[in-house]
Amino acid sequence: MKKSQVFHAAENPHIRYNPLKDEWVLVSPHRCLRPWSGQTEPPPEEQAPDPNNPLKAGTVRANGQRNPNYTSTYVFPNDFPALLERGPAPPQSDHPLFQAEEARGTCRVMCFHPNSTVSIPLMTEDEILSVVEEWVNQTKELGRKYSWVQIFENKGSIMGSSNPHPHCQIWASSFLPNEGRIKERCQMEYYTKYGKVLLAEYLQMEMEKKERIVIQNSEWVALVPYWAEWPFETMLLPIKGSPQRITDLNDDQKRGLAVIMKQLTTKYDNLFNCSFPYSMGFHGAPTGPNKSVGDSPHWLFHALYLPPLLRSASVKKFMVGYELLAQPQRDLTPEQAAEKLKDCDHLTHYKNKE
Ligand code: H2U
């Protein structure tokens, strides 16, 4: 058979299936060689410190309330919440094309650290562990009432972060948002059909193949998913047990999470020598008053990092025409992305190098 007739994942266009979302991604590795004459942007780390930073300890926020002089994490209700705890529900519709349902919820902001100049990779493992523990507390509390507790960090102005101060948001809702709803369905269908936990089986196979693993410790693996959409997208998966929610993590898993988060984000920053922008967050089994520990065996708790950068600190991947109108497309293969991240230093941050 001629070479041109043999499939090579790093050379030939193909589509890959994402079983968590029942979606496909187009992989076009042959395009990596094309010259780039598109947009460049100033490096994303140039987000200037805000002199009126409302997240700072001791500062007065937009609503007139003063933040305490916090020394670790600090959580406050978002002064501009997208969800409200109370309010009238929309009327029942009798037509399938005009459906609306009530959306109740609450939104919080969580500061990771009082120092505005640090980020997760520059924080100590103990400081990150405090962040993980607060995420568990928040999910425990909000999960008693709400069906979905979404923790997410927007890092960098190109990801819409309002402020370089280290922080995340927590939105808890009475409904399952699309990502949660689709992952709930896909994992349930897989479990029913094959009698196996989709992500546990996936992780086991990835650990055998070793092609897409970026870094791991005794508790967690960071890998570029086979079906990744963003160039340097990664997923964190727990190796031991089968935690369904962040609230199921034991002490070793919490510390291991803090360690791998620090090491993965150090790699990210070292990839292009910039404060690597991303949106990251966690997905676990739905919560709410009718849910209990161990009730969702089809779920495996995991974290996602979705960074926009493509080939340098100033060139990002645009999810635009084809992606918006057809389906996600990527050039670099997930295996190539994993290799590049694997090669980056995970111990010394570029800012701490001479
Ligand atoms: P982002 O950087 O991801 O946008 O998060 C910051 C949040 O902080 C944002 O949702 C809130 C904004 O509504 N905020 C307050 O609640 N009070 C303020 O005084 C400023 C910002």
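This briefing describes how two domains of one protein meet and which side-chain pairs link its parts. The model is predicted, so local features need pLDDT of at least 70 and side-chain atom pairs count only at pLDDT 80 or more, while totals for chains, interfaces and linings use all residues. Residues are numbered from 1 along each chain as its sequence is written, and side-chain values use heavy atoms, with hydrogens and water left out.

**The two domains and their interface**

- The domain assignment, whose bounds come from an automatic or database source, gives domain 1 (74-173) and domain 2 (178-352), and the centres of the two, taken over C-alpha atoms, are 19 Å apart.
- Counting contact as heavy atoms within 4.5 Å, 30 residues of domain 1 touch 36 residues of domain 2.
- The buried area, meaning the accessible area (1.4 Å probe) that two parts lose on being put together, summed over both, is about 2800 Å² between domain 1 and domain 2, and carbon and sulfur atoms give 64% of it.
- Pro 121, Trp 148 and Lys 155 supply 22% of the area that domain 1 buries against domain 2, which is more than any other three residues.

**Polar links and the make-up of the domain 1 side**

- Between domain 1 and domain 2 there are 2 salt bridges, a salt bridge being a side-chain nitrogen of Lys or Arg within 4 Å of a carboxyl oxygen of Asp or Glu.
- Lys 155 also appears in a salt bridge with Asp 269, at 3.6 Å from N to O.
- Helix H1 (125-143) and strand S5 (148-155), which are DSSP runs (helices H or I of at least four residues, strands E of at least two, numbered from the N terminus), each supply at least two residues of the side of domain 1 that touches domain 2.
- H1 gives the largest share of that side, with 11 residues.

**Pairs that join distant parts of the sequence**

- The structure holds 20 salt bridges, including one between Arg 31 and Asp 331, whose closest N and O atoms are 3.1 Å apart.
- Arg 31 lies in the loop between strand S2 (23-27) and strand S3 (74-77), and Asp 331 in the loop between strand S14 (329-330) and helix H6 (334-343), so this pair ties together parts that are 300 residues apart in sequence.
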